[in-house]
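Here are a few short exercises to try with the model open beside you. Work through each one yourself before reading its solution.

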Amino acid sequence: MRWLTLYARSRQVPASLAAVVISAVAMWALARDGSGGPSDPRLPVLVLAAGAMAASIGLSGQDLTLDRTAAIRWVPRRAAHVVLCGAVVGTVLLAVQAMGDDMATTAFVVRDSAGLMGLVALGAALSGGQYAWTLPFAWLSFSFFAPPPTSAPMQVASWMLLPPGTGAGTWTALVLAVAGTAAYAVAGPRR
């Protein structure tokens with residue numbers, strides 16, 4: 001159990017968890033004023049993206065050389081780290097949402113948290129842990145200002161904001177989650 005505590009501290013899990021909870025509580029406070037409706041996915045997506053970006057700081061350790069020379073298998077640990085971060089981000093949003101109005105369905109939260117964590121993991125594999133947040137931030141920014149998703153490419157580009165059950169949104173999130181988690185698990189964070 002001691003190794004788990006040390007791992008969590010080295011990956012800055014307490015700070016990430018605090019940021020995830022604070023962003024979810026801020027969403028709950030903003031949603032109480034009634035400005036957004038159940039059909040407006042921007043606020044829940046913003047919270048999920050903030051949570052995924054906060055979790056990204058833990059995708060690289062204090063010393064990459066030490067991580068690479070460790071006598072443990074990192075592939076399952078890295079994959080588990082990404083999956084658990086996505087589960088925590090989604091669970092915190094659903095728990096805070098249970099105190100007030102429903103802003104997003106469970107299917108929406110699961111899809112978006114999985115896709116966003118896949119983007120973060122892909123960002124860590126491509127750019128390193130300190131810049132892992134850039135991919136979800138850029139994609140979210142584009143989604144907010146993109147034209148309405150009438151074509152298939154625009155649906156893929158704005159997958160975060162599509163209603164749950166939309167084929168393009170579901171498949172895009174699934175591909176991002178699997179590809180990002182696999183790339184990060186096998187390659188680890190870039191130096």
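**Exercise 1: a threonine and its surroundings**

Place Thr-181 in its secondary structure element, then decide whether Thr-181 is buried or exposed.

Solution. Start with the element: in this predicted model, Thr-181 sits in helix α9, which covers residues 167-187. Next, take the relative accessibility, which is 16% for Thr-181. Buried means under 20%, so Thr-181 counts as buried. Finally, look at the contacts: leaving out residues up to four places away in sequence, Thr-181 touches Ala-79, Val-82, Ala-121 and Leu-176.

**Exercise 2: a nonpolar patch**

Find out which helix gives the largest share of the nonpolar patch on the surface.

Solution. First list the members: the patch is formed by Leu-17, Val-21, Val-25 and Val-88. Together they have about 270 Å² of accessible area. Then assign them: helix α2 (residues 13-31) supplies the largest share, three residues. Val-25 is found in helix α2. As a check on exposure, Val-25 has a relative accessible area of 37%. Partly exposed lies between the 20% and 50% cut-offs, so Val-25 is partly exposed.

**Exercise 3: a charged pair**

Identify the partners of the one salt bridge in the structure, and say whether each is buried or exposed.

Solution. Recall the principle: side chains of opposite charge can pair when their charged atoms come close. Here Arg-111 pairs with Asp-112, and their closest N and O atoms are 2.9 Å apart. That falls within the 4 Å limit for a salt bridge. Now turn to accessibility: Arg-111 is at 7% and counts as buried. Asp-112, at 0%, is buried too.

Technical notes:
Residues numbered from 1 in each chain as written. Predicted model: local features only at pLDDT ≥ 70, side-chain atom pairs only at ≥ 80, totals over all residues. Heavy atoms only, no water. Helix = DSSP H or I, 4+ residues; strand = E, 2+ residues; numbered from the N terminus. Buried < 20%, exposed > 50% of the residue type's maximum accessible area, 1.4 Å probe, protein only. Contact = heavy atoms within 4.5 Å. Patch = residues over 30% accessible without salt bridge, like charges linked within 9 Å, V, L, I, M, F, W, Y side chains within 5 Å. Areas by Shrake-Rupley, 256 points an atom, 1.4 Å probe, with all protein chains shown as cover. Salt bridge = Lys/Arg side-chain N within 4 Å of Asp/Glu carboxyl O.
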